[in-house]
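Biologist: Please show me the model, and then we can go through its pocket and its strands.

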Amino acid sequence: MHNNNLTFSYFQFTVFADYGPLRYLFFSLSLLIYMSIISANAVIVLSVCLETSLHQPMYIFICSLCLNSLYGSTGFFPRFLMDLLSDTHFISRPFCFLQVYITNTYLGHELTLLTIMAYDRFVAICQPLHYHNKMTFRMVLLLLTLAVLTPLYVFSYFLYLASSLPLCENKLHSIFCTTFSVVQLSCVDTTVISTASQFLAVISVFTPLSSVLYTYLRILLVCRRSSSEFRGKALQTCLPHIVTFGNFCISLFCEFSLSWYNVDGITTFDTVFSLEFLIIPPIINPLWARIMPFIEFSSVILEGLDLKVPSDYFCCALVLYK
């Protein structure tokens, strides 16, 4: 009876091993990474919120990315740090599904925010004179609302499906709770929900990816008709977004590949490598915000088009370095 209650009430992580004194080293390194993520992203969020000159679409979107980094990191690192020092690795069923929901929505928010930022680049480069008319505060608020609420609603439905499945085991072959690892423990046929989850994962990645590629194709066509100086400055403006989005897509590909792979063939290195999407993007996002102040975004674009505009069209962003 006790084992049945344990099966339905708790999950056990089986990937953690007894590393002896080394676990204190792993704990220290993980804590250092977590505190770096928290401090770096918090500085950017506070800077954008408190400095009125940074209340512009570009910095509001970067601030949203940093908030999402804090959200995703907090959903993973506290529990992970606890498991590194613990001799037993059990997690209650409600907290496991909460971690699944936070991780999935973090991924969804990151993708939608990066897609919106690609649109922001497109309007600023291809339609510079209409930028302030299109990217109004109301439009920015609408885009952010859609970016936040869409993943919340979609993943709520899949979380409900996964949490309602009867489970025959409680051993998770991972170091944190994921949808695929939980569904694999079900006693019933999960072909439908697994197929639907995989389809959603593919759509969630390739839809934003297609939008971003289309956006940068349009930007590339505009750059081809412009001077070499303009092309160089436009590339400087877009490069941080390209690097961030490309790295995140690679991270998602690694995570999905390992999730769908046969769990018996996954090594500890593979499992740790799958954490890239929870570690690298939260570190890159605040670095992006530190790079962008050196790029006077609106002035770069308008200068390349050889247009005369008032100085208040220019982005003033050196406040982050005051």
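Modeller: This is a predicted model, and the questions below take the pocket and then the strands.

Biologist: Which helix gives the most to the lining of the largest pocket?

Modeller: The largest pocket has a volume of about 750 Å³. Of the 39 residues that line this pocket, the closest to its centre are G108, L111, F155, L200 and S204. Helices that each supply at least two lining residues include helix 6 (137–163) and helix 8 (191–224). The most comes from one helix, with 11 residues: helix 4.

Biologist: By class, how many charged residues does the lining of the largest pocket have?

Modeller: The lining of the largest pocket has 24 nonpolar residues and 14 polar ones. The number of charged residues in that lining is 1.

Biologist: Which residues form the covered face of strand 1?

Modeller: In a regular strand, side chains alternate between the two faces of the sheet. Strand 1 covers residues 10–13, and its uncovered face holds Y10 and Q12. The covered face of strand 1 is made of F11 and F13.

Biologist: Which residue in strand 2 stands opposite Y10?

Modeller: Strand 1 and strand 2 (residues 90–92) run antiparallel and are joined by 3 bridges. In strand 2, the residue opposite Y10 is S92.

Biologist: In which sense do strand 1 and strand 3 pair, parallel or antiparallel?

Modeller: Strand 3 spans residues 171–172 and pairs with strand 1 over 2 bridges. Across this pairing, Q12 stands opposite K171 in strand 3. The sense of the pairing is parallel.

Definitions and conventions: Residues numbered from 1 in each chain as written. Predicted model: local features only at pLDDT ≥ 70, side-chain atom pairs only at ≥ 80, totals over all residues. Heavy atoms only, no water. 1 Å grid on protein atoms, 1.4 Å probe; cavity = no way out; pocket = protein on both sides within 12 Å on 5 of 7 lines; lining within 4 Å. Points joined across faces, edges and corners; volume = space filled by probe spheres on them. Helix = DSSP H or I, 4+ residues; strand = E, 2+ residues; numbered from the N terminus. Nonpolar A, V, L, I, M, F, W, Y, C, P; charged D, E, K, R; others polar. Buried < 20%, exposed > 50% of the residue type's maximum accessible area, 1.4 Å probe, protein only. Pairing = 2+ DSSP bridges.
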